[in-house]
Amino acid sequence: MSHIAGSTADYLVDRRRMRRKLFFWRAIACVIVALALVGIGLQIVGPRGAGTLVPHIARLKIQGVITGDDATIKLLDEIATSNATALILSLESPGGTTVGSERLYDAIRKVAAKKPVVATVGTMAASGAYIAALGADHIVARGNSLVGSIGVLFEFPNVSGLLDKVGVKVETVKSAPLKASPNGFEPTSDAARAALASLVSDSFDWFKALVKDRRHMSDTDLAAVDDGRVFTGRQSMPLKLIDQIGSEEDAVAWLETQKGVAKGLPIRDWKTDRSLERLGLFGAAATLADGLGWSMVGHLLHQTAALEEAPKLDGLVSIWQGS
């Protein structure tokens, strides 16, 4: 009897061990299946989240110096083909490169060909950022927002006077007089200055034509705003630079009443994936401040990041820089 009882006890112990092993492997299998389902879900949903699968109003923030980077252009392409019913372009920028602003404008117009786009201006949408705003169907700004700065510039340092004082001369062999001019190491010749003025004038004419066409201005209207100044939102209204004084809520109301966008749709932020290395010190700090809800600190850091990055811009620039 004792032998039978011992065998039964061993059998029960083995059964318990088998059950524990079976439970363990079943748990592992469930975890693997769950991870697989999550992976499949992420592939279906994409990096923007499940909220973008349902009808919504997309919000894209354009902040800092505009360069027309690939990530932002790609994001606009995705918005154009997404389930977003409309796009709110939230502008907080002093501008950037003229080509980058042109590229951004073109991408916004592609979105506008498929769904309504409204631009909202925070503290500033100047120069290249105003070019981006022109891509929208409707521009809403705060009364104290800064708008405009219609113009193009080309800046370069000239240290020839300093080199003369310290007794340094840079020798250059050129294939033609205007090759690599101006170079900053010698006084700018009249011919080089005229060539640069021609570039600036050509791009400026393009900028003015864009403003005139998109804002339905006459030559007289355009002449009142094309001297490079910025204007407040209140000044901008009678000058036809914007359509409405207001906030994002007013922009949404315009989409609902004028473009037939359904009422009560959620607003989803669409964001580019930007690494800390690309953001720079002040840009990274601004992003952190935004994430913590410190909007005022974030704004100041974004402005500082813009000034930090501005001197690095090459080519023609459409940017407003306050001291």
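**Group meeting: a walk through a predicted chain**

Okay, so buried residues make up 37% of the 323 residues in this protein chain. Buried here means under 20% relative accessible area, exposed means over 50%, and partly exposed is in between, using a 1.4 Å probe and protein chains only. Before we go on, this is a predicted model, where local features need pLDDT of at least 70, side-chain atom pairs count only at pLDDT 80 or more, and totals for chains, interfaces and linings use all residues. Residues are numbered from 1 along each chain as its sequence is written, and side-chain values use heavy atoms, with hydrogens and water left out.

Now the overall layout. The secondary structure comes to 11 helices and nine strands. Those are DSSP runs, numbered from the N terminus: helices are H or I with at least four residues, strands are E with at least two. And if you take contacts between residues at least 6 apart in sequence, 74% of them join residues at least 24 apart. Contact, by the way, means heavy atoms within 4.5 Å.

Let's go to the helices. How are α2 and α3 arranged relative to each other? Helix α2, residues 70-80, packs with α3 at an angle of about 10°, and their axes are 8 Å apart. That makes α2 roughly parallel to α3. The axes are lines fitted to C-alpha atoms, for helices over the stretch in contact, and angles run from 0 to 180 degrees between N-to-C directions. Under 35 degrees counts as roughly parallel, over 145 as roughly antiparallel, 65 to 115 as roughly perpendicular, and the rest as oblique.

Who actually meets whom? On the α2 side we have Asp70, Thr72, Ile73, Leu76, Ile79 and Ala80, and they meet Arg103, Leu104, Ala107, Ile108 and Val111 in α3. By class, the residues of that contact are eight nonpolar, one polar and two charged. For the classes, Ala, Val, Leu, Ile, Met, Phe, Trp, Tyr, Cys and Pro count as nonpolar, Asp, Glu, Lys and Arg as charged, and the others, Gly among them, as polar.

Let me stop at Thr72 for a second, which sits in helix α2. Its relative accessibility is 11%, so Thr72 counts as buried. Leaving out residues up to four places away in sequence, Thr72 touches Leu60, Ile62, Leu104 and Thr272.

Leu60 comes up again with Arg268, over in strand β8, residues 267-269. The C-alpha atoms of Arg268 and Leu60 are 208 residues apart along the chain, yet separated by 8.7 Å. Arg268 is partly exposed, at a relative accessible area of 32%.

Back to α3, residues 98-112, and its other partner, α6, residues 190-214: their axes come within 12 Å and cross at roughly 25°. Therefore α3 and α6 are roughly parallel too. On the α3 side the contact uses Thr98, Glu102, Tyr105 and Arg109, and on the α6 side Trp206, Leu210 and Arg214. That gives three nonpolar, one polar and three charged residues.

Next, two buried spots. His138 is in strand β4, residues 138-141. Is His138 buried or exposed? It's buried, with a relative accessible area of 9%. Its side chain makes a polar contact with the side chain of Gln244, at 3.0 Å. A polar contact is a pair of N or O atoms within 3.5 Å; within protein, one must be able to donate a hydrogen and the other to accept it, and residues adjacent in sequence count only if both atoms are side-chain atoms. Setting aside neighbours within four places in sequence, the contacts of His138 include Val117, Val118, Ala119 and Trp254.

The other spot is Gly233, in helix α8, residues 233-236. Gly233 is buried, at 0% relative accessible area. Its C-alpha atom is 8.6 Å from that of Val140, although the two residues are 93 apart along the chain. Not counting residues up to four places away, Gly233 touches Arg142, Gly143, Ser145, Ile242 and Ile245.

Last stop, backbone angles. Most residues other than glycine have a negative phi. His216, though, has a positive phi near 55°. His216 lies in the loop between α6 and α7, and is exposed, with a relative accessible area of 66%. Lys240 has a positive phi as well, about 70°. You'll find Lys240 in the loop between α8 and β7, and at 34% relative accessibility Lys240 counts as partly exposed.
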